[in-house]
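Here are my notes on the model, set out as numbered points. Please read them with the structure open.

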Amino acid sequence: VPWAGRRPGLEEVREHLGECTRCGLCQGRRTIVFGEGNPEADLLFVGEGPGEQEDRTGRPFVGRAGELLTQMIEKGIGIPRDEVYICNIVKCRPPQNRNPLPPEVAACRPFLDGQIQAVAPRVIVTLGKPAASLLLGRDIAITRVRGTWQDYQGIPLMPTLHPAYVLRQYTPENRRAVWEDLRAAHERSRG
Ligand code: URA
């Protein structure tokens, strides 16, 4: 990547992505969903990949799972959504919302890393198993590692449950788990 060894700007990362055709997901997508939010956010969220609403609008986390995430940020942590930065492992919608495949994840990795380098958040929050496994470099069990501090290249990382999972398993335990993880992340991001 052109920004190797230095901190890029988000615009530079977006520009390098271009109208990407680096993997097969480009064939089924309508819109690239790069990510959005405060370019100097203290908190950066990483989800899995765009769903249907995201693919239509070009914005991350705007479908049902997104509404829950937005609520958790605004009512749970108590900060406006646009104060944080939100992105995904892959920037194009996988067909039928399947999990992204290893070559798709690999093709998109430089752009996720570029976003993390550009924003340089104080804390990263991963949403669900794929994002936590990717950034920790091992196959994790999300229900075991959620709520425990991890490290990504020197940045404290808090893995939590994916909001789509919480919607499917809408239990007091799961809702409390995410709420607690987000509060811990917010607390730590304030130094
Ligand atoms: N919307 C996103 O942008 N990412 C997800 O992981 C799920 C829904």
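1. Where is the place of Asp 82? Asp 82 sits in the loop between α3 (64-77) and β3 (85-88). Bear in mind throughout that this is a predicted model.

2. Is Asp 82 buried or exposed? Asp 82 counts as exposed because its relative accessibility is 59%, and the cut-off for exposed is over 50%. Asp 82 also belongs to a surface patch of negative charge. The other members of that patch are Asp 42, Glu 74 and Glu 83.

3. Next, the sheet. Six strands make it up, and the sheet is open. The strand order reads β1-β3-β2-β4-β6-β5, with mixed pairing. The edges are held by β1 (36-37) and β5 (150-152). Each has a single partner strand, so one side of each lacks a neighbour in the sheet.

4. Look at β2 and β4 within that order. Strand β2 (residues 43-47) and strand β4 (residues 123-127) run parallel. Four bridges join them. Which residue of β4 stands opposite Leu 44? That residue is Ile 124.

5. How many salt bridges does a search of the whole structure find? The search finds ten. Side chains of opposite charge can pair when their charged atoms come close. Three of these pairs are taken up below.

6. Arg 6 and Glu 12 form a salt bridge through their side chains, at 2.8 Å from N to O. Arg 6 is partly exposed, because its relative accessibility is 39%. Glu 12 is partly exposed too, with a relative accessible area of 26%.

7. Glu 36 and Arg 81 also meet in a salt bridge, at 2.7 Å from N to O. This pair links distant parts of the chain. Glu 36 is in strand β1, while Arg 81 is in the loop between α3 and β3. The two are 45 residues apart. How do their accessibilities read? Glu 36 counts as partly exposed at 21%. Arg 81 is buried, because its relative accessible area is 10% and the cut-off for buried is under 20%.

8. Which residues are linked with Glu 36 in a network of salt bridges? They are Arg 59 and Arg 81. The Glu 36 and Arg 81 contact should therefore be read as part of that network.

9. Asp 181 forms a salt bridge with Arg 146, and their closest N and O atoms are 2.7 Å apart. Asp 181 lies in helix α8 (residues 172-189). Arg 146 lies in the loop between α6 (142-145) and β5. The pair therefore ties together parts that are 35 residues apart in sequence. Asp 181 is buried, with a relative accessible area of 2%. Arg 146 is partly exposed, with a relative accessible area of 21%.

10. Two further pairs deserve a look. Arg 22 is in the loop between α1 (10-17) and β1, and is partly exposed at 41% relative accessibility. Arg 22 and Ala 107 are 85 residues apart in sequence, yet their C-alpha atoms are 6.2 Å apart in space. Tyr 165 is in helix α7 (residues 163-168) and counts as partly exposed at 28%. Tyr 165 and Leu 127 are 38 residues apart in sequence and 9.6 Å apart in space, C-alpha to C-alpha.

Key:
Residues are numbered from 1 along each chain as its sequence is written. This is a predicted model: local features need pLDDT of at least 70, side-chain atom pairs count only at pLDDT 80 or more; totals for chains, interfaces and linings use all residues. Side-chain values use heavy atoms; hydrogens and water are left out. Patches are made of residues with over 30% relative accessible area and no salt bridge: like charges are joined within 9 Å, nonpolar side chains (Val, Leu, Ile, Met, Phe, Trp, Tyr) within 5 Å. Accessible areas come from the Shrake-Rupley method with a 1.4 Å probe; for residues, only the protein chains shown count as cover. A salt bridge is a side-chain nitrogen of Lys or Arg within 4 Å of a carboxyl oxygen of Asp or Glu. Lys and Arg count as positive and Asp and Glu as negative; His and the chain ends are not counted. The place of a charge is taken as NZ of Lys, CZ of Arg, CG of Asp or CD of Glu. Buried means under 20% relative accessible area, exposed over 50%, partly exposed in between (1.4 Å probe, protein chains only). Two strands pair if DSSP finds at least two bridges between them.
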